[in-house]
Amino acid sequence: MARRLIRAALWRGTAFAIALALPGSAAFARAPHAADAPLALSPPFALSVEQLFAWEAAGPLADAGNVSRVPLAGRMVDPGPGPDPAARLDPKVRVLFAPDGMNNFGNYLAPQPRFNLYTFTHWAQIDVLSWFAGTAGHNVLIPARPWVDTAHRNGVKVIGTAFFAPLAWGGSAKTLEAFLREEGEGRFPAADRLVELARHYGFDGWLINQETDVSPELARRMTRFMAYLTRIAPPGMEIHWYDAMLPDGRVQWQNAYTAGNAPLLQDGATRVSDAMFLNYAWTPAGLRAGAALAEARGRDRYALFVGADLWPARHNAQQAFGNKRWLRGLREHGDGPALGSVALFAPNFNFNAGGEFGDFRANPRDAEAFYDGEVRLFAGDDRNMAAGNSTEAMRTGAWEGIAALVPARSTIAKLPFETGFNTGHGLTDFRDGRVVGGPWHDMARQDPLPSWQFAYSPAARLRIGYDFQRAWQGGSSLRVAPQAVLGNPAEVPLFLTDLPIDARTGLSVTAIAASPGYALRLTMADGSESLHPLTARGVWQERHWCLGRFAGKAVRRISLVIDRGQSKPLNLGKITIRDGCSPPT
């Protein structure tokens, strides 16, 4: 699991409206504060076992610039049926997102002068970002602050990785033995240091990925280490175990929760880990048995994260859009409650897999394919979260999308709320609609993005996506473009919220509307609605409204509505709901 090359060995045991206006074709072990490429395997992001024990908060292996001070935001789960009223959602499912090699994609602290670096936008559909990486000599992988900041604003936890490689790929039992140094009364200094690192840098726990064959004695020490680490972790910190090593020291992937690996999650009355990441060669029967075993041992089935290896070249796994039925395989009867949570491994196929997914990492002109791959993963083959995907998938075998299983989550519950639909990078940097810079990338600048990417009335023919040619703030705006004259009104749900309204609350929208017929709709928790038409002009236009007549209510959903007969596009540049009502315009 640690590397794509390793995985081959383990297995033996809405289209986007992205307009590209391309221009012409710390030294040491500190993070890159200058505008340079990410450092894949250097402190503060990567440590050997020796460096782990030598690490000090004020020492040369640490970097104050990597400390996140953004607290983990609270989240609400969509209480309604969501954009697709026929969807059979399981709100207990958690989704772990594990790009393969985050050290190669995100190890920077300063803004970068490059558009085509990795980004992610579907925070509303995941719960944990796993900073998955590691080599035989770089065992402790630490998340980068810009990603932690943005994940926390979206209520998503971020966990680092402690990785011990298979023997065939340079792993050594001596490395693990050094890591598992045990002191009097069962204390493990490495566990103390892992907790210290997470607390110092402000992230949320660890995935322990131990794939080195070791002796039974060292395996027992590993189990004691896990129980100690889980016990000393503060509330809210999560410790995950990957399904590889068995309690006798053999690395033998179970692909399920079984009697063989059960003690690495729960050993009698001892909680050994908070969650287990199951390997990918699972079967529905094995998941059913594992869910029952977990519950018999006093653990929730949703502590089991069922692995989905999405890398396109691995045809015997859950291969992105090659294997379209696996999501139903982890549900009871194909459309019932899930048999566990979900771990999405190598979802970065849209960034660097090539082929039909493009190669955005090498070519900024592949931005449309990059964004489309992520939307398709979460919204299904039709790129529409409102299109009855579960029912359609049962009938046709189409890929239904992760959003067919999990409801949206949101942190948008207090004023002010503001978004410029900025995804965290751009071909150009805009401020108030004016160009102020060239290509850039900074995940810490990402705005709150739509809870549903994307959803719209199923009968409508719309192209929805991020436009990097026109933006009000940052690098992008949201573009909605009918592909034909609309025969019926259409709705595009954007944000799930719980925003309190009082007598002074105001709404502002900045947009470019090519023709009349667009409006922003606020739907209150009690079902009442407020409709705000957008001015038809070919330049950015800001409008203001007072919401005082809804005082005492809460905004539950922000949507765009489109009149029948519309055929012209709209760009949304900014939406703000805040205390303080400007005169209506």
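How many helices and strands does the protein chain have? Show the whole chain as a cartoon and you will find twelve helices and 29 strands, where helices (H or I, at least four residues) and strands (E, at least two) are DSSP runs numbered from the N terminus. This is a predicted model, in which local features need pLDDT of at least 70 and side-chain atom pairs count only at pLDDT 80 or more, while totals for chains, interfaces and linings use all residues. Residues are numbered from 1 along each chain as its sequence is written, and side-chain values use heavy atoms, with hydrogens and water left out.

Keeping the whole chain in view, note that its radius of gyration, taken over C-alpha atoms, is 24 Å, close to the 25 Å of the globule rule for 585 residues, so the chain is as compact as a globular protein of that length; that rule is 2.2 Å times the number of residues to the power 0.38. Its C-alpha atoms fill a box of roughly 75 × 55 × 50 Å along the principal axes.

Next, select R153, T411, I412, F417 and P448, which lie nearest the centre of the largest pocket among its 26 lining residues. The elements giving two or more residues to this lining are α4 (145-153), β14 (409-410) and β15 (417-419).

Finally, select Q318 in the loop between β12 (304-309) and α9 (326-329). Q318 has 5% relative accessibility and counts as buried, a term that means under 20% relative accessible area with a 1.4 Å probe, protein chains only. Adding G475 to the selection gives a C-alpha to C-alpha distance of 33 Å from Q318, across 157 residues in sequence.

How values were computed:
1 Å grid on protein atoms, 1.4 Å probe; cavity = no way out; pocket = protein on both sides within 12 Å on 5 of 7 lines; lining within 4 Å. Buried < 20%, exposed > 50% of the residue type's maximum accessible area, 1.4 Å probe, protein only.
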